[in-house]
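What follows is a guided reading of a predicted model, taken through its pockets and then to a single residue in a loop. Please keep the sequence and the coordinates at hand while reading.

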Amino acid sequence: MTVRENLDLGAYRRRGPELAKDLERIYELFPRLKERERQKAGTMSGGEQQMLAIGRALMAQPKLLMLDEPSLGIAPVLVQRIYEIIREINHSGVAILLVEQNANYALDAARGSYVLETGHVVLASDSASLRNDPAVQKAYLGT
């Protein structure tokens with residue numbers, strides 16, 4: 001499927017004139033998707049595919065967006081942009097559940113955080129407290 005077909009699929013349960021507005025919002029967040037609107041999604045880079053997956057999900061107007069490892073396999077420059085967009089999406093009123101191994105990005109993006117080890121919660125607090133905790137810095141942030 002093309003980029004546009006993927007985005008349309010995200011809104012398959014919706015109707016009405018607001019769809020065009022939402023599509024333009026996705027293209028504002030991810031200008032690369034507009035450039036590649038007619039391209040087959042499978043031929044895009046990993047970062048572009050990640051942008052498309054987020055855009056497709058947003059077309060459904062979710063109240064909660066669940067993201068699993070959005071930085072996995074993506075160039076560092078794109079990872080930074082993805083996290084800027086995640087913050088923008090959250091500030092627009094969409095709650096975000098983020099699973100991420102890169103603790104630095106996750107703590108920067110989140111208000112509250114949980115640290116899991118082998119499936120068990122070992123720490124839970126607001127992100128600022130965890131970031132400033134010396135034990136967390138040593139064990140998870142590499143500082």
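The largest pocket of this predicted model encloses about 720 Å³ of space. Its lining is made up of 22 residues, and those closest to the centre of the pocket are L98, E100, A106, S113 and Y114. Two or more lining residues come from each of α5 (76-91), β2 (95-99), α6 (103-109), β3 (112-117) and α8 (134-140), and among these elements β3 gives the most, with five residues. In chemical terms, the lining of the largest pocket divides into 16 nonpolar residues, four polar ones and two charged ones.

The second largest pocket has a volume of about 250 Å³, and the residues that line this pocket are D22, R25, I26, L29, L58, Q61, P62, I89, S92, G93 and V94. Helix α2, which spans residues 18-29, gives the most to this lining, with four residues. Sorted by class, the lining of the second largest pocket holds six nonpolar, three polar and two charged residues.

From the pockets the reader may turn to a loop, the one between α3 (31-35) and α4 (46-58), where E37 is found. Is E37 buried or exposed? The relative accessibility of E37 is 15%, and because buried means under 20% relative accessible area, E37 counts as buried. Leaving aside residues up to four places away in sequence, E37 touches T2, V3, R4 and Y27.

Conventions
Residues numbered from 1 in each chain as written. Predicted model: local features only at pLDDT ≥ 70, side-chain atom pairs only at ≥ 80, totals over all residues. Heavy atoms only, no water. Buried < 20%, exposed > 50% of the residue type's maximum accessible area, 1.4 Å probe, protein only. Contact = heavy atoms within 4.5 Å. 1 Å grid on protein atoms, 1.4 Å probe; cavity = no way out; pocket = protein on both sides within 12 Å on 5 of 7 lines; lining within 4 Å. Points joined across faces, edges and corners; volume = space filled by probe spheres on them. Nonpolar A, V, L, I, M, F, W, Y, C, P; charged D, E, K, R; others polar.
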